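Please open the structure in your viewer and show it as a cartoon. Keep the sequence panel at hand for making selections.

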Amino acid sequence: MKKIFSALFLIVFLCNNANAQVLHAKVNRPQLPEGETFMLSLELDDTDTSETPDLSVLEKDFTIYSVSNAYRTNIINGVMSKAYQWNLVLIPKKSGDITIPPIKVGKYQSNPLQIKIFAAGSNINAPDTQNPNQPRFKIEATVDNKTPYVQQQVNYVLTIYDTGGLQGEEPVFAGNTNDDWIIKSLSEPQITTKVINGRNIREIKFHYALFPQKSGTLEIPSARFNGFYLTKERRNNPFDSMFNDDLFIAGFGMTDVFATRNPVVLTTEPILVSVKPAAQENNGKWWLPATDVRLAGGFSPAPPQFKVGEAVNRTIYLKATGVADTQLPEIRFADSKGLKQYPEKPETLMNVEGGKVVSLEKISNVYIPTEAGKLQLPTIAVDWFNVNTKKMEKAILPAMTIDVLPNAEIVPAKNISSANKTETGDINPVSQQTTPQIVEQISQEKLFLYAGAAFIFGILVSWLLMKLFKRDTAAKIHNYKKFVIEKAKEKDLRAVRDGLLGWAADFYDQPDLTSLREIEDLNTVPEFGCELEKLSESLYANKQQEWNATLFIKVFEKVCRQKRTKGKSNELLPKLYK
């Protein structure tokens, strides 16, 4: 009899212990509207564990908004019990009947649960205290063109319908859209209120411009809105049914002095569009699909006065409506006889005008005339595709004829052969005295040989002198800038040249410079390049030329005020596609 009683006692004990060690699952809202959150609570009673729940089974149908955990010990009538608890705030990814699958914590497994999610239909009504599961919010997205050309602007409107005092941040687009889309917000959210059946419904509209970067079938990614609504009565707090203290929720459904904060997440459906490639009429030209493209230009100073050797700055503006700034082409300047041109790097910006993206490119070009008289600034043109007319068009800045005045301060280099002419225009009499017999004695081959040897000898001598100068003057000259200015005032042109080589070696971080031409290649100031050429002409001209030291010093000091650099950058325009 004792054995039977002991066996029954052991069975009862094991059953009670088994019932104690169970993983329970429950939800605070078995029915709820689409976009709102609910809480799933897991509780493991009367056991110690270091395991955590395996939540991967929830990823298919739910977004896990937050996870918190707690440990509780109770003593009732001298009997101690303990429990682990995990609280998950979840957002359903779809509407309808959804099953919450069993969740494992170590060797324990929870029971499955059923919940019902009501879709946010077209009829959004104000909150009804008799039906708390009625949808309070709705989100939808529309586009104005589902068959755009590649890089053409597509207008995207996201609308949120709100009946519950929704608050939150601007929606974000899912995933990485840089490869397929450029997305630009067009304005601040527009909020309007409608009264339907005596109830207020807010419409919150977000406007975007989307630019497809590839042709073919593309998906506009879903947009997600993270927000919340407030309730003042604690009985409306969706978490009150589970916990007495809202602070237990670790930030969700939290009650402050005035209201309870209830999370809301709304997500749009992806939209498929069929993107057409560049039109055949483009014929391989730069593809610029827009609604309007214009070119304009202006001079500084205005009106301009062109004079030989002096710089005139012209700023060109390209304005395109309906394209992103990264899609603007590089403006090119055709060569023009009698003009040197120094275009600077373009600057771009993007703005919104009348619901359209407007992109602007600004580029400055410095013109330096090399001869007097009437010269022509060439036509500037940009080809573009009109998405309204479906035709190629051309934005044009017409050619301009300019009058270039001579510059008394600049004496053009004369032809070397003219130095040997007499006032009557005849060849120097010394050359006329050379008899044909003597001329015949000097073969043309020997002339070439002598000329080549003299040229090579000149280069070697110049190189040796320059090396000696660098070695001898490196210890003597501590301030090359001051040295160049002093020698320029003295009009000691060779000293100016040698000083410039030492100055440029330090300024451009190029220790092996050997010529003024190399300095000109590193230079980024057009006026300085012109002055270097004038210095070269004066140094090597057959006759002494008048050299404007004052102008040279002024331009040289301007260059010295610039930030030190390692030379002219070879970087082209930024990449036109992200």
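What follows is a tour of selected strands and helices in this predicted model.

**Stop 1: a strand pair**

Select residues 271–275, which form strand S20. Show the side chains. Ile271, Val273 and Val275 point to one face and are buried. Leu272 and Ser274 point to the other face and are not buried. Now add residues 216–220, strand S17. S17 and S20 are antiparallel and are joined by 5 bridges. To find one pair of facing residues, pick Ile220, which lies opposite Ile271 of S20.

**Stop 2: an open sheet with S29 in the middle**

Next, select S21, S29 and S30. In that order, these 3 strands make an open sheet with mixed pairing. Strand S21 (289–290) and strand S30 (391–397) are at the edges, each pairing on one side only. Strand S29 covers residues 380–386, and its link to S30 is antiparallel, with 7 bridges. Pick Ile380 to see one of the residues involved: its bridge partner in S30 is Leu397.

**Stop 3: a second open sheet**

Move to S23, S31 and S28. They form an open sheet of 3 strands in that order, again with mixed pairing. Which strands are at its edges? They are strand S23 (306–307) and strand S28 (373–377), and each pairs on one side only. Strand S31 takes in residues 400–405 and runs parallel to S23, with 2 bridges between them. Select Phe306 and look across to S31, where Val404 stands opposite.

**Stop 4: a hairpin**

Select residues 347–353 for strand S26 and 356–369 for strand S27. The two run antiparallel and share 7 bridges. Asn351 has Val358 of S27 as its bridge partner. Then go to the turn of this hairpin, where 2 residues lie between the strands. Gly354 has a positive phi there, near 60°.

**Stop 5: helices H5 and H6**

Leave the strands and select residues 480–490, helix H5. Add residues 493–507, helix H6. The axes of H5 and H6 come within 9 Å and cross at roughly 165°. The two helices are therefore roughly antiparallel to each other. Their crossing is left-handed.

Keep H6 selected. This helix has 15 residues and spans 20 Å from its first C-alpha to its last, close to the 21 Å expected at 1.5 Å a residue. Is H6 largely enclosed or largely open? Because 13 of its 15 residues are buried, H6 is largely enclosed by the rest of the structure. After the helix comes Asp509, with a positive phi near 55°.

Return to H5 and pick Glu490, which belongs to that helix. Glu490 counts as exposed, at 52% relative accessibility. Its C-alpha is separated by 8.6 Å from that of Ala549, although the two are 59 residues apart along the chain. Ala549 leads to the last stop.

**Stop 6: helix H9**

Select residues 549–560, which make up helix H9. H9 has 12 residues and reaches 16 Å from first C-alpha to last, close to the 16 Å expected at 1.5 Å a residue. At its start, look at Asn548: a side-chain oxygen of this residue comes to within 3.2 Å of the backbone nitrogen of Thr550.

Now show the side chains of H9. Which of its residues are buried? They are Ala549, Phe552, Ile553, Val555, Phe556, Val559 and Cys560. In an α-helix there are 3.6 residues a turn, so residues three or four places apart point the same way.

For contrast, pick Lys554, also in H9. Lys554 has a relative accessible area of 61% and is exposed. From Lys554 to Phe528 the distance is 9.6 Å, C-alpha to C-alpha, and the two are 26 residues apart in sequence.

Finally, show H6 and H9 together. They pack at an angle of about 10°, with their axes 13 Å apart. That angle makes H6 roughly parallel to H9. The crossing of H6 and H9 is left-handed.

Terms used: Residues numbered from 1 in each chain as written. Predicted model: local features only at pLDDT ≥ 70, side-chain atom pairs only at ≥ 80, totals over all residues. Heavy atoms only, no water. Pairing = 2+ DSSP bridges. Helix = DSSP H or I, 4+ residues; strand = E, 2+ residues; numbered from the N terminus. Expected span 1.5 Å × (residues − 1). Buried < 20%, exposed > 50% of the residue type's maximum accessible area, 1.4 Å probe, protein only. Polar contact = N/O pair within 3.5 Å; in protein donor to acceptor, adjacent residues only side chain to side chain. Axes fitted to C-alpha atoms, helices over the stretch in contact; angles between N-to-C directions. Parallel < 35°, antiparallel > 145°, perpendicular 65-115°, else oblique. Left-handed = near helix turned anticlockwise from the far one by under 90°.
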